[in-house]
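The following exercises are to be worked with the sequence and the structure in view. Each task is followed by a solution in steps.

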Amino acid sequence: MSGLEHLLQGFQIALDPANLMMCLIGVILGTMVGVLPGLGPIEAMAIMLPISIRFGPLAGLILLAGVWYGAQYGGSTTSILVNIPGEASSVITTIDGYQMTRKGRAGAALAVSAIGSFVAGTIGIVILQLFAPPLAAAALSFGPPEYLAIMLLAFVALSTLSGDNPLKGAMMIAFGAFLSTIGIDRIAGIQRFTMGIPNMMYGINFVPVAVGLFGIAEIIRLALNPYVPSPMKSVRFRELYPNREETRRSIMPILRGSFIGSLFGMLPGTPAVLASFTSYSVEKSISPRKAEFGKGAIEGVAGPESANNSAVILALVPLLCLGIPFAPVAALLLAGLEMHNVTPGPLFIQDNPDIFWGFIAAMYLGNFLLLILNLPLVGLFARVATLRPRVLIPIIGVLCLFGSYMTRMALFDVWVMIGAGIVGFILTRFGFPLVPLVLGMVLGNILEDNLRVTTQWLNGDFSLLLTRPITLVILALIPVYVFFIRLAGKKVFRNGIKE
Amino acid sequence: MTLTVFCFGLLLTGVEAYPEKPIKLIIGYEAGSATDLIGRTFFKHMEKELGQPFMIVNKPGAASALALRELLDAKADGYTLGMSCSVNVLKIMGHLPKTHHDFDVIGIPLLTGSVLAVPSKSPFQSTKELVEYAKGNPEKLRLSTTSKGAVFWIHARYFERLTGAKFNLISNPGGSSFIATQLGGAHADLGFAAYRPLQGQIKAGNIRMLGVTSEKRVAAFPDLPTMKEQGYNMVVSGWAAILAPKGLPSDIYKKLLDAHAKVVGLKAWQDFCTATGSVGYPEYTGEGAIKFMDQDAEIQKPILEEIGAVKK
C-alpha cells in the first residue's frame, strides 16, 4: 500500500500551516468569484498568479487550484436564488434550482448543491489519485477524429434538453449555434457576421447572453406579476435543509453526476459546462418523474452541480500527467509551476512526489473546508428568496450589470445582456425554451472546432476514419445510447401505467 | 519672482514625480493567455522600478485591436499603456487603421522563436531530411500549428516559402494544447509552435525538436541548432510590444524607456525568458523595437496577402 503511504505523507505536507492557509484563502476566494456572476475563476487566478509565485510551487498550486474548484461550489448560489448563473457551468442549474426557490425550497437546493459538490469533488480526487497516468495516456492516444466522435456523442446525449416541443428546441439550438459563429473565426481568422463593428469581432460572449436570458427576463417577469408572499417566511431552521425525501432522491443523481463529470473532465475546452449539461440531460431522460423537471426537480440540481465539480478535478489530469493544459484555467496552473522550473508531464508524479501527493491531500482538505464554509451560508443565502420584488429587482439588476460588464470590461457586453433579456422574455412568452439556445452557443463552438480540425487532418480522405478503431467504437456508441435512453423511457412509461 | 520660482518648482516636481498614481495597462488578450502572463510578470518588475502599482485590464478581441482602440483614446500622460503582439500588421489586416508608428513604442520585453518539432518516433533526424521528404511528397505530412494568420501559422507558411516544401497545414483554434496533443500522440508529423506549451511533452520524450527560428541559440535548449545554422535563412519570432499613446511628454517617455531597458536586463527577467524558451534583449527598447516591428511586418505582409487577409 505505497499509495496510502504517499497520501499520508501528502497530508503531512498539506497540513503544514502555510499550505493550509493557502488552501483556505484559495477556496474562500473561489467561493466568492463563484457567487459573483461574470467574475470567473480565470480572472481571479490571473490576478493571484504573480502573488502565488512567492510561496513556492506547491503552495501556489494549492492556492490557484482552490480558486478553481471553489468557484464550482459558489457558482450555483445565484443560479438557484435569483436565476442568474454565477458561472457558465451553473447555467443548467437555473432551470430547476430557481423553481425550487419559488416553491420555498431554496435552502434544500443550496444544501444539496453543496453536498453534491463535496461528494463529486472527493470522488474526482480519488479517481485522479488512482488512475491519473493511464487516463492521461488515453487522452494522448486520442487524435482529432476521436475527439470529434466524443463531441458528437455528447451532442446526441444533450439533444434531450430540447424541451417539450422538439421543433422549437431544435430552432433554439440552431440559433445558439449561429450566435457562436459571430466574430473572428477561431481557425481561419475570418470575420463572420461582424458587420464591421469592432466589438463584434470578439464575438457574442456567452456570459452576458446567459445573464440576460435568465436574469433580465426574470426581472421583467417579477415586475409584471403581482407580489405573492413567499411561503419561506415562517420556515424553521431545520426545514431549510433537505428533507428525507429530497435526500433520497439526490443520492443517485450525485453519484451519476460525479461519474459523468469525471468522464468529461478529460475533454479539451470547457469540461465543466459540458459535464453539467450532460448530467442534467441524463437525469431527465432516466427519471421516473420527467414531468417534474423544469418545475423544481431536485435531481436537476443535484446531478449537474456534482458533475461540474468532478469535471474540474479531472481536468487536472492532462495538465499534471501530460503537461498539456486542455482548459484555459489549467494553463494558469501550468504557468505557476513553470515559474519554479517544475514541468508537469508523464514523469511528474515520479519526480515530484511531494508536490503531487501534497496537492492531492490539499484538495481533499479544500473540499472539506468548502463544505464547512458553504453549509452555514445556506441559511443566510436562503433568506434572499424571501425578499419582496421591489427589493429583489434592483439586486438582480445590479448583479446582471456587474456580471456582464466584469467579463471583459466592455459596455458592449452590457447591451448584449439587456438585448438578450428582452429577446429571452419574448421567446419565453411564445413558448421557446431558452436552455437549448445557451446549449447551442456552447456546443456550436466546440463541435465546429473539432469538425474543422478533423477535416483538415483527413485532408479529403474519409477512408482514414476506418483506420481509427477508437473513433469507430465511439461512433457506434451513439445508436446504443439512443436505444438505451428509449428503453429507459419506455420502462418508466409502463411502470407509470401499472401504478 | 517668488511665483516664477514656485511655478518652476511645481514643474520640476511634476517631472520628478512621475508616476505619482497607479498606471493602467490594457492587455489585448484574455486573462491567463500567454501574452497576459508575460505582461503580468514583466509589470511586476516594472512596478518595483517605477514605484507605482500597475492596474491590469484585459480587453481581448480582434487580435488586440479592441485594446489598441482604447489606448488610442487615452491621454498621452504615461498613465495608460497597452500590450499587443500584432500592432504592426493590424492595419494591413483591416482591424485597425493604425500601425506601431502611431504609438509611442516603449519596447519588446521578449521574443519567442518558433520551434519545429516532430513526434519522437518520427524518422526525421534533421530539418534537411524532413524538407527533402516533404518536397518529394507534397501535402503528405501533417503540420500542426495555430489558427490561420496567427504568428506560428505565419511561421509555418514562411517555412514552406523558404524551403519550397508543401505540407497539409492543420490550423488549430485557441492556445497550443491541440498542437501538443497532436504531436505528443503522433497524430501529426510536425508542428510549429512556441516551446512553452510543448515543454512537458518534450521533457517526457514524446516530442523532439529539430530547429528553432530564433536568431541565436536559446538558453533553455542550447543544443538545438537554429534554422540559420541548418542552412535555412529563417529568422522570425513571436513577440509582444508595450505601447503608449502617441505624444508622451519626452521626460516621461524617457523614464519609461529607461525602466523598460533596465527591467529586460534584470536577472529575474532573463530567468523568466529562459524558463519559457524565449530571449529578452534590452536593445529592443524604443527605436530598436520599432525597427524590429518594421522588419517583421515585411515578412508577414506577403503571407497575409496570399491568404486574402490583407484589406485593400
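A residue counts as buried if 20 or more other C-beta atoms lie within 10 Å of its own, as exposed if 12 or fewer do, and as partly exposed in between. The model is a predicted one.

**Exercise 1. Burial and overall form of chain B**

Determine what share of chain B is buried, and decide how its radius of gyration compares with the globule rule.

Solution.
Step 1. Of the 312 residues in chain B, 54% are buried.
Step 2. The secondary structure of this chain consists of 11 helices and 10 strands.
Step 3. The radius of gyration of chain B is 21 Å, and the globule rule gives 20 Å for 312 residues; the two values are close, so chain B is as compact as a globular protein of that length.
Step 4. Along the principal axes, the C-alpha atoms of chain B fill a box of roughly 85 × 45 × 30 Å.
Step 5. When contacts in chain B between residues at least 6 apart in sequence are considered, 74% join residues at least 24 apart.

**Exercise 2. The corresponding description of chain A**

Carry out the analysis for chain A, and state how confident the prediction is.

Solution.
Step 1. Chain A contains 20 helices and 2 strands.
Step 2. Its radius of gyration is 22 Å, close to the 23 Å from the globule rule for 499 residues, so chain A is as compact as a globular protein of that length.
Step 3. The C-alpha trace of chain A spans about 65 × 60 × 60 Å along its principal axes, and buried residues make up 56% of the 499 residues.
Step 4. The mean pLDDT of chain A is 84, with 94% of its residues at 70 or more.
Step 5. Among the elements of chain A, helix α12 (residues 299-314) has the highest mean pLDDT, 93, and helix α20 (residues 469-498) the lowest, 73. Over residues 493-499 of chain A the pLDDT is below 50, and this stretch has 1 contact in the model beyond near neighbours in sequence.

**Exercise 3. The contact between the chains**

How many residues does each chain give to the contact, and which classes make up the side of chain A that touches chain B?

Solution.
Step 1. Chain A gives 45 residues to the contact and chain B gives 44.
Step 2. On the side of chain A, helices α3 (41-52), α6 (106-141), α14 (328-338) and α19 (435-458) each supply at least two residues.
Step 3. By class, this side of chain A has 30 nonpolar, 10 polar and 5 charged residues.

**Exercise 4. The largest nonpolar core**

Which residues have the most contacts inside the largest nonpolar core, and which element gives the largest share of it?

Solution.
Step 1. In soluble globular proteins, nonpolar side chains tend to be buried together.
Step 2. The largest nonpolar core here has 254 residues, and M45(A) and L64(A) have the most contacts inside it.
Step 3. Helix α6(A) provides the largest share of this core, with 20 residues.
Step 4. The core also draws at least three residues from each of domain 1 and domain 2 of chain B.
Step 5. Leaving aside neighbours within four places in sequence, the contacts of M45(A) include L64(A) and, from chain B, G32(B).

**Exercise 5. The domains of chain B**

Describe how chain B is divided, and identify the helix of domain 1 that gives the most to its side touching domain 2.

Solution.
Step 1. Chain B is divided into domain 1 (21-111 + 238-306) and domain 2 (115-212), with their C-alpha centres 28 Å apart.
Step 2. Domain 1 of chain B gives 8 residues to the contact and domain 2 of chain B gives 9.
Step 3. Helix α11 (residues 287-306) of chain B gives the most to the domain 1 side, with 4 residues.
Step 4. The residues of that side divide into 4 nonpolar, 4 polar and no charged.

**Exercise 6. Individual residues**

Is F292(B) buried or exposed? Then examine the backbone at P19(B), N459(A) and A186(B).

Solution.
Step 1. F292(B) lies in helix α11 of chain B. This residue has 22 other C-beta atoms within 10 Å, so F292(B) is buried.
Step 2. Leaving aside neighbours within four places in sequence, F292(B) is in contact with I108(B) and Y284(B).
Step 3. Y18(B) and P19(B) are joined by a cis peptide bond with omega about -5 degrees, and P19(B) is found in the loop between α1 (2-17) and β1 (23-27) of chain B.
Step 4. N459(A), in the loop between α19 and α20 of chain A, is a residue other than glycine with a positive phi, near 50 degrees. With 14 C-beta neighbours inside 10 Å, N459(A) counts as partly exposed.
Step 5. A186(B) has a positive phi near 60 degrees and lies in the loop between α7 (177-184) and β8 (190-193) of chain B. With 17 C-beta neighbours inside 10 Å, A186(B) counts as partly exposed.

Technical notes:
Residues are numbered from 1 along each chain as its sequence is written. Chains are lettered from A and ligands numbered from 1 in the order in which they are written. This is a predicted model: local features need pLDDT of at least 70, side-chain atom pairs count only at pLDDT 80 or more; totals for chains, interfaces and linings use all residues. Domain bounds come from an automatic or database domain assignment. Two residues are in contact if their C-beta atoms, placed from the backbone, lie within 7 Å. Ala, Val, Leu, Ile, Met, Phe, Trp, Tyr, Cys and Pro count as nonpolar, Asp, Glu, Lys and Arg as charged, and the others, Gly among them, as polar. pLDDT is the predictor's confidence in each residue, from 0 to 100. The radius of gyration is taken over C-alpha atoms; the globule rule is 2.2 Å times the number of residues to the power 0.38. A nonpolar core is a set of buried Ala, Val, Leu, Ile, Met, Phe, Trp, Tyr and Cys residues joined through C-beta atoms within 7 Å.
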